[in-house]
Every structure is written in structure tokens, then in C-alpha cells.
Amino acid sequence: MKQFEGVFVAIVTPFTQNYEVDYQGLRDHCDWLIREGVHGLIPAGSVGEYAALTKEERAKVVETVIETAAGRVPVVVGTGAPSTEQVVYWVQHAKDAGAAGVMALPPINYNPSEVEIIAHYEAISNVGLPIIAYNNPHDYKTDLTPQLLGKLSKIENVVAVKEFSGDIRRVQDIYASADLEILIGVDDLGFEGPIMGTTGWIAGFANALPKESVKVFELGRQGKTEEALPLYRKLLPLFHYDARPDLVQAIKYTLELAGRPAGPTRPPRLPLTASELKLIKEAYELAISKEEVQV
């Protein structure tokens, strides 16, 4: 039985214009996403700007999301932090708060050895929550290769991987090497992933387009290519921003365009330029348009 099936939204952290966490906005956002049909929520990830939150804010964000979900969908908590000890702290906090699992990067501050990576995940596993290992070789030194994931899958609570390499060929290699659920981790493979057999998708632009994201993923799982492609082609120009460093600004601007503003991003993430805003707006307007995109 799969623990993390479907579309899990890596949710934004709403801020006021004074850069304070908007907890009521966070509650409203989570409730709306659940009503729109997403399958799970992930607070305190990169999209949630975890690194820009104080310890107290981060804890309250996680607790607020879990309280708001109230068991309607599972909540998986991002646990990124500079040291294994700090990661374990956030995993324990997630467990105490009632999370269904955690998403965990390998060590992020340097290029760790394989032994160190395995020891890192063993320490996390000891807390006793299901773990989605997060492979992001673009932003961090470590690449969780299919062979390494095979070793990690032998750790008791490592049950899944968020695959963010951008190489769709990895999916079958991971299945051949590791007994893990695979959640595609980048939006512009949100259709190809389920076609290749992934059972989940950790999505960014589902913050603003939840119904469309769920529909594309489910059509992919059902193999309904002809029905899915016209919608997916409209979404792709926007989804491409999910793999860029300014993805959080792009997602928050898209929320503003959708009439669900979530405020600014905290520095070091700066506002987008006028030309960048124009391109994102054009991509959003295409995404919600009625016209069919041909290739």
C-alpha cells in the first residue's frame, strides 16, 4: 500500500506586506487546496521559504498546517537544516505535531560521503516517521543515484523519494534498484512522471492551479494521453518556472494573478523584474485559457 499517492503541494508561506507570517492566510490557503482536491500538503519546504523563518515561526507554520488539515489529507513536513541534529529536531517536532511523514534532504552544506549520507538518514529514521528522501542535485552537492537509493531503501523508515533530477529516465532505474515509492519532484514532469509509473507528485504551481494539476496527474496515471496533452501543454510554460531559482516568487505572483495573494517573499529572495512578471503573467493566462495548444 502506497503512503504518498497523488498530488502533494509544497505550500507557500503567506506573508503580510511587512514580512510577518500570515497564519490566517496559511489556514485559508490549506483549506482551499484541500477543497480543490489535492492529496496532501508539504509545509516548510523550499517553496515555503523554511530557511527564512525563525525557529518559532517554522514550528508554528507546521503546527498550523497540521491543525488545519485535521486529518483530511496527510501532511508531510520539510525538514531541511544545516546539521543532522537540527534535521532530527524538526523530524521529532513533525512527529509530535501529528505529521504523516517528513521530506528529508541529504546533508546540504558540503559534498558528503556515502557513509555520511546513510548515517544521516539512519538518524532521521530513528525518530520513527515515514521518510521521503529528497533528491535535488541541482541545488545541493549530493545526487541520490538509483544505486544509492537502493541502499537507503534498506533503512526502515525510508519509504519514498522525491525525484528532482529532471531526468525522467531515472524513474525506471530507481524502481529497478530500490523498493521505494517515487514522487516526481518537478512540475514540468508532472505528466511524464505518472506515465512512467510514479505514484506521486510534489508540486509547486499546484498552489495556484490545484484542480488542473490533479487532473493532469490523474490522467497520466490512467494513461489518457490524448485527453491530458491539451491541458498539459497550456500549463507547461508556467510549470517550467518550478525548476528555476526564482520559483517561489513566480508561484506567489501566480497566486496573486489567481486572486489568492500570499504576499512577498523574504530576502534574500527579491521581487521579480517587470519583464519577468510579464512573462509569468502570459504563461498564467495561457494556463487558464480555453484555447487548445498544438505542437
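**Figure 1. Contact between helices H2 and H3 in the predicted model.** Six residues of H2, namely Lys55, Arg58, Ala59, Val62, Glu63 and Ile66, meet Tyr89, Trp90, His93, Ala94 and Ala97 of H3 in this predicted structure. Sorted by class, the residues of this contact comprise 7 nonpolar, 1 polar and 3 charged. Two packed helices are described by the angle between their axes and the distance between those axes. Here the axes of helix H2 (residues 55-69) and helix H3 (residues 84-97) come within 10 Å and cross at roughly 35°. The crossing of H2 and H3 is right-handed.

**Figure 2. The open sheet of 8 strands and its edges.** The strands follow the order S2-S1-S8-S7-S6-S5-S4-S3, and their pairing is parallel. Strand S2 (40-42) and strand S3 (76-78) occupy the edges; each has a single partner strand, so one side of each is left without a neighbour in the sheet. From one strand to the next, the twist averages 25°. Strands of a sheet pair through backbone hydrogen bonds, in either a parallel or an antiparallel manner. At the S3 edge, 3 bridges join S3 to strand S4 (residues 101-104), and these two strands run parallel. Within this pair, Gly78 has Met103 in S4 as its bridge partner.

**Figure 3. Helix H6 packed on the sheet.** Helix H6 (residues 170-177) touches strand S5 (131-135), strand S6 (158-163) and strand S7 (181-184). The direction of H6 makes about 165° with that of S7. Of the strands touched, S6 has 6 of its 6 residues buried, so it is largely enclosed by the rest of the structure. S5 and S6 run parallel and are joined by 5 bridges. The bridge partner of Tyr134 in S6 is Lys162.

**Figure 4. Surroundings of Ile202, a position annotated in UniProt.** An unreviewed UniProt entry places the feature "binding site" at Ile202. This residue lies in strand S8 (residues 200-203), which stands between S1 and S7 in the strand order. Ile202 has a relative accessible area of 2%; because this value is under 20%, the residue is classed as buried. When its neighbours within four places in sequence are left aside, Ile202 is in contact with Phe8, Ala10, Ile42, Met103, Ile132, Lys162, Leu183, Ile184, Gly185 and Asp187. Among these contacts, Met103 is also the bridge partner of Gly78, and Lys162 is also the bridge partner of Tyr134.

**Figure 5. Ser125 in helix H4.** Ser125 belongs to helix H4, which spans residues 114-125. The residue is buried, with a relative accessible area of 6%. Beyond its neighbours within four places in sequence, Ser125 is in contact with Ile131, Ile155, Glu156 and Asn157.

**Figure 6. Arg27 of helix H1 and its contacts.** Arg27 is placed in helix H1 and is partly exposed, with a relative accessible area of 30%. Not counting residues up to four places away in sequence, Arg27 touches Thr64 and Thr68. Arg27 and Val61 are 34 residues apart in sequence, while their C-alpha atoms are 9.4 Å apart in space.

**Figure 7. Backbone geometry at Tyr19, Glu49 and the Pro267 to Pro268 bond.** Most residues other than glycine have a negative phi, and most peptide bonds are trans. Tyr19 has a positive phi, near 70°, and is found in the loop between strand S1 (6-10) and helix H1 (23-35). Tyr19 is partly exposed, with a relative accessible area of 36%. Glu49 also has a positive phi, near 55°, and is located in the loop between S2 and H2. Glu49 is buried, its relative accessible area being 4%. The peptide bond from Pro267 to Pro268 is cis, with omega near 20°. Pro268 lies in the loop between helix H10 (247-257) and helix H11 (274-287).

Definitions and conventions. Residues are numbered from 1 along each chain as its sequence is written. This is a predicted model: local features need pLDDT of at least 70, side-chain atom pairs count only at pLDDT 80 or more; totals for chains, interfaces and linings use all residues. Side-chain values use heavy atoms; hydrogens and water are left out. Axes are lines fitted to C-alpha atoms, for helices over the stretch in contact, and angles run from 0 to 180 degrees between N-to-C directions. Helices (H or I, at least four residues) and strands (E, at least two) are DSSP runs, numbered from the N terminus. A crossing is left-handed if the near helix is turned anticlockwise from the far one by less than a right angle, and right-handed if clockwise. Contact means heavy atoms within 4.5 Å. Ala, Val, Leu, Ile, Met, Phe, Trp, Tyr, Cys and Pro count as nonpolar, Asp, Glu, Lys and Arg as charged, and the others, Gly among them, as polar. UniProt positions are given in the numbering used here, feature names are shortened, and annotations may be inferred rather than shown by experiment. Buried means under 20% relative accessible area, exposed over 50%, partly exposed in between (1.4 Å probe, protein chains only). Two strands pair if DSSP finds at least two bridges between them.
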